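Here is a friendly walk through some side-chain contacts, cysteines and strands. Have the sequence and the 3D view open as you read.

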Amino acid sequence: MATPLHGRIDSAIRTAKQWESDKSLLKEIRESIPMELLVPELVCEREAEWRSFLSDDDTATAAAPAVTKSPYYRDDDVNYEGDDLLLKRLTLYFKAEVMKWCNQPPCCNSTCTGNDDGKQMESKGMRGPVTQEEKSGGASRVEVYNCTLCNTETVFPRYNSPRALLNSKRGRCGEFANLFGTYCRALGFDTRYVLDFTDHVWVEVWSARQQRWLHADSCEGLIDRPNMYEQGWGKKLNYAVAATHDSVADVSKRYTRKFLSDEFQTRRREFSPNEVMSDQVFMQMNGTVRQMSKVAKGRAEELDKRAKMEEKFFNTVQSSGVWDSEYREGRISGSLAWKAARRELGEDNDTSKTDEKKDGNDKASEGETSFWVESFLPSPRCQNDMTIVVRPEATEGKSWSIQVNGVPCAATLSNGVAVVIVDELTGCILQSKAFVDWLSVASFLDTVPDGRIVALCSFADDEEEEKKESTNKINCFDSSKFGRLG
């Protein structure tokens with residue numbers, strides 16, 4: 001008997017199978033990936049080996065070419081080697097250079113004076129695929145928009161075909177994960193398509209070096225952060241299905257530490273009556289896809305070995321019930337309204353928060369106050385064009401705000417400190433907070449990951465003394481872990 005699980009699992013398998021069906025597309029993508037920019041150290045290492053091989057003198061060591069620093073280098077690269085390092089930088093490259101996030105499409109009228117970010121576009125609903133291009137691109141639905149400036153209708157087909165996505169290079173998380181999975185397969189990575197039933201998708205890549213599956217989310221430009229969704233975004237997960245062209249698995253336990261809780265189990269009962277039935281569905285569909293794919297004996301044995309290691313890991317982490325690391329950022333990709341509707345803003349999911357001044361007995365005494373800001377700039381600017389300034393606010397008393405590319409982000413409290421965190425690659429405003437003391441600022445900044453621009457602003461009634469103290473504190477802060485300190 002078919003359950004709600006069957007349709008979702010089948011959808012994930014069909015997506016993963018697409019990655020194997022067009023060898024010419026994989027070749028085209030592979031040739032477009034700038035390996036010398038992503039992993040110059042690996043390219044130079046192999047070049048040195050080749051030069052040594054060609055050398056007539058067996059005792060001589062051929063000089064290796066000079067190693068340049070990858071523009072996608074991050075401080076935590078030291079934790080990754082070989083193909084794992086390549087995956088990490090490929091994820092950043094894909095987010096920055098390949099795909100463009102689309103809240104709403106730009107107007108298709110080339111003479112329209114509207115912004116390229118499509119903010120003037122008004123949704124008129126959805127329809128099915130009509131044109132040959134929409135049908136051949138596997139568009140399951142087509143979003144229809146009207147330009148409020150020139151009254152032109154523009155469509156946004158939600159393509160499922162990797163080739164169509166390579167041509168459009170525009171979409172949301174579904175398109176990102178689909179095309180990124182194709183990029184991973186083009187490099188020979190064993191890749192899973194992961195479908196989260198609470199409406200997100202990403203991929204997992206098998207690490208031969210670490211003998212485990214690595215989480216990779218191209219929307220966020222991050223790998224190996226399985227706690228991002230539950231701990232960072234605040235998602236109420238239920239199922240996460242992982243599929244390759246010849247296997248399928250329930251990987252929900254990788255992305256939660258609440259699997260055994262009554263709340264989590266209640267959410268899963270929407271799709272299966274109990275865990276026994278759920279396991280049976282996955283076992284049956286895994287057997288079916290293997291049979292249809294005519295999996296060779298060696299491959300089947302390898303998949304079985306991985307599954308046993310994975311299940312052992314899942315049981316271990318669920319018995320602990322806690323994450324072994326912290327991740328507290330809300331979602332980067334998507335407009336503020338879109339993320340708020342999906343409740344993926346992390347600690348700021350509570351939209352009742354305000355920036356009004358607190359007394360000494362409530363949240364201000366805890367060291368911080370959140371500010372509600374537009375957290376996504378649909379037209380990301382180049383780093384060289386980014387502007388971060390401090391301007392006076394039109395409010396009673398002294399108040400100054402940090403502005404990023406003209407967007408007001410955070411205002412100081414009396415005798416407080418305002419902090420804004422900006423994504424270095426995209427210019428996306430990730431967080432804006434205000435603190436009542438520098439100790440709280442230091443504790444917060446210690447949790448900020450690499451690749452972030454940090455902007456700070458503070459003032460006091462005794463401006464000269466506070467300016468000296470603030471400058472000293474900022475100068476003493478270790479800014480080496482951030483892309484820039486503003």
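Trp202 and Tyr229 are both buried in this predicted model. Their rings form a stacked aromatic pair, with 4.1 Å between the centres and 20° between the planes. Trp202 belongs to strand β7 (residues 200-207) and Tyr229 to helix α9 (residues 228-233), so the pair ties together parts of the chain that are 27 residues apart in sequence.

How many aromatic pairs does a search of the whole structure find? The search gives 17. Among them is the pair of Phe94 and Phe176, which is edge-to-face, with 6.1 Å centre to centre and 75° between the planes. This pair links distant parts of the chain: Phe94 sits in helix α5 (residues 82-98) and Phe176 in helix α8 (residues 173-186), 82 residues apart. Phe94 is buried, at 0% relative accessible area, and Phe176 is buried too, at 2%. Ring pairs also bring Phe94 and Phe176 into a cluster with Trp101, Phe180 and Tyr183.

Here are the two ring pairs side by side.

| Pair | Arrangement | Centre to centre | Angle between planes |
|---|---|---|---|
| Trp202 and Tyr229 | stacked | 4.1 Å | 20° |
| Phe94 and Phe176 | edge-to-face | 6.1 Å | 75° |

Rings can also have a charged group over them. The charged end of Lys253 sits over the ring of Phe259, 4.9 Å from the ring centre. Arg268 lies over the face of Tyr239, at 3.8 Å from the centre of that ring.

Now for the cysteines. How many disulfides turn up in a search of the whole structure? The result is 0. Why does Cys219 have no bond to the closest cysteine sulfur? That sulfur, in Cys173, is 5.4 Å from the sulfur of Cys219, which is too far for a bond, because a disulfide needs the two sulfur atoms within 2.5 Å. Cys219 is itself buried, with a relative accessible area of 2%. Cys184 counts as buried as well, because its relative accessibility is 0%.

Last, a look at two paired strands. Strand β16 (residues 417-423) and strand β18 run antiparallel and are joined by 7 bridges. Within this pairing, which residue of β18 stands opposite Val417? The partner is Ser458. Strand β18 (residues 452-458) is mostly covered, with 6 of its 7 residues buried.

How values were computed. Residues are numbered from 1 along each chain as its sequence is written. This is a predicted model: local features need pLDDT of at least 70, side-chain atom pairs count only at pLDDT 80 or more; totals for chains, interfaces and linings use all residues. Side-chain values use heavy atoms; hydrogens and water are left out. Buried means under 20% relative accessible area, exposed over 50%, partly exposed in between (1.4 Å probe, protein chains only). Helices (H or I, at least four residues) and strands (E, at least two) are DSSP runs, numbered from the N terminus. Two strands pair if DSSP finds at least two bridges between them. Rings of Phe, Tyr and Trp (its six-membered ring) pair if their centres lie within 6.5 Å; planes under 30 degrees apart count as stacked, over 60 as edge-to-face and the rest as tilted. A charge sits over a ring if NZ of Lys or CZ of Arg is within 6 Å of the ring centre and within 35 degrees of the ring normal.
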